[in-house]
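Colleague: I should like to learn how to read salt bridges and helix packing in a model of this kind. May we work through them together?

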Amino acid sequence: MHDQMATYFELNFYLTARQSGFRKGHSCISALIDVSEDIRNNIENGNICFLLLLDHTKAFDNVDSGILNIKLRSNYNFSNSAANLINSYLTCRFQSVFADGKLSQPLPLHSGVPQGSILGPFLFYVYINDLPNVIHNCKIQMYADDVQLHTCCKLNELNSCISRININMENISRWANANKLLINPTKSKCLVISSQNIDTDSIPKIFIDNNEIEYVDRAKNLGVIFNSKLSWNDHIDSLCGKAFNMLRNLWVTQSFTPLKIKILLVKTFLMPVILYGCELYTNCDQLHKHKLNVLFNNSTRYVYGLKRFDSVSEKAKTIYGITFFKYLDFRVLSFLHKIIYTKTPPYLFSRLRFTLSERNCHIVPLRHSLSSSERQFFIYSVSLWNRLPVSLQRMTNLSTFQHNLLKHFS
């Protein structure tokens, strides 16, 4: 059922282009790159950007099967039998609780999609697929129930821009009420991102359901911390703190853990924390590159039992076969390769312009004047790509490209 519906929705272009959840070639990182690139471009033009992070309350549990049934028929041309089949999957469900060795009496569930199922997430984003229709003069990016809304303006247009945002907040509120969903205003946040310093106490407030949405200097967005300067310093500081705590716990058993197990622990337990979002932060400033280098060197010391002043540079290369920063570049280029040769997600592929030369596969560099722009994904990844040998650029298979890219870097 999932495969049939997913294919049907894709072939008929029913799904909004800005939904990145549970779709092939889409991810949290692709959604974040899309938003950050829009903001980067506007900051280059001297604009002030508002990024709203909206939080749904128990979104998956509040899906109304009757409303979904109507949407499947009227919006997506489902036959009566197909819509009734989906309805039968969602209705007549019961829930029990097991505690202290006893099972409670089952109670009926009146709403929601079953989480942990393959159909649950898909049906949810079909349910909220029409949300972008009520948004005007703002851009929206969604990952399942996480909604990012952003718009930009000149400094002298601040008041009218916030007025536009509040109109959209009213539209979203009406849409949510009609769909029996709730937006949590206390967990929703607004970032004002600009190269200038903006006093958020002196600008008009943003409301949803008569509740004020808080202006913040930094906020976690799909696991990556955004701040008011669109630098990734707060995110790197946070991941370094978390990774160092994990590393301290691993050191307790360092002396009697086999080498292979230590390498495995670093790669599967520690490195995912460090590498999440690296496509965004790889070209960070020198201070934060130093922090990341210290962290990776300490991970190498844990693996090989090295002391504080022992040299780690040669040992560090053995974990991934190349240096840590080369491995970050490897991740960035792999991500760009997927965009180029799968053309997904379309909202990222459409940002690329290729040179007309038949001698190479270069991408036209994006124009920028601010040094901070060099730390963003497209500026940095395109510069890396254009320095690759043409033979590498023309490898369409991702595995082949990655294999040869590692050899190139080593």
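Modeller: Let us begin with the term itself: a salt bridge is a side-chain nitrogen of Lys or Arg within 4 Å of a carboxyl oxygen of Asp or Glu. The model is a predicted one, in which local features need pLDDT of at least 70, side-chain atom pairs count only at pLDDT 80 or more, and totals for chains, interfaces and linings use all residues. Residues are numbered from 1 along each chain as its sequence is written, and side-chain values use heavy atoms, with hydrogens and water left out.

Colleague: How many salt bridges does this rule give?

Modeller: The count is 13. One of them joins R351 to D34, with 2.8 Å between the closest N and O atoms. R351 is in the loop between α13 (346-349) and α14 (377-386), whereas D34 is in helix α2, so the pair ties together parts 317 residues apart in sequence. Helices here are DSSP runs (H or I, at least four residues), numbered from the N terminus.

Colleague: Is D34 buried or exposed?

Modeller: Buried means under 20% relative accessible area, exposed over 50%, and partly exposed in between, with a 1.4 Å probe and protein chains only. D34 is buried, at 1%, while its partner R351 is partly exposed, at 23%.

Colleague: Which residues are joined into one network by salt bridges that share partners?

Modeller: That network consists of R18, D34, D38, K139 and R351.

Colleague: Where do the partners R331 and E279 lie?

Modeller: R331 belongs to helix α12 (residues 324-342) and E279 to helix α9 (residues 278-281), so their pairing ties together parts 52 residues apart in sequence. Their side chains meet at 3.9 Å, N to O. R331 is partly exposed at 26% relative accessibility, and E279 is buried at 9%.

Colleague: Turning to packing, which residues of helix α3 are buried?

Modeller: In α3 (residues 65-74), the buried residues are S65, I67, L68, N69, K71 and L72. Contact means heavy atoms within 4.5 Å. The buried residues of α3 pack against α4 (80-90), α5 (119-127) and α6 (158-178).

Colleague: What does the side chain of D64 reach at the start of α3?

Modeller: A side-chain oxygen of D64 comes to within 3.0 Å of the backbone nitrogen of G66. The general term is a polar contact: a pair of N or O atoms within 3.5 Å where, within protein, one must be able to donate a hydrogen and the other to accept it, and residues adjacent in sequence count only if both atoms are side-chain atoms.

Conventions: Helices (H or I, at least four residues) and strands (E, at least two) are DSSP runs, numbered from the N terminus.
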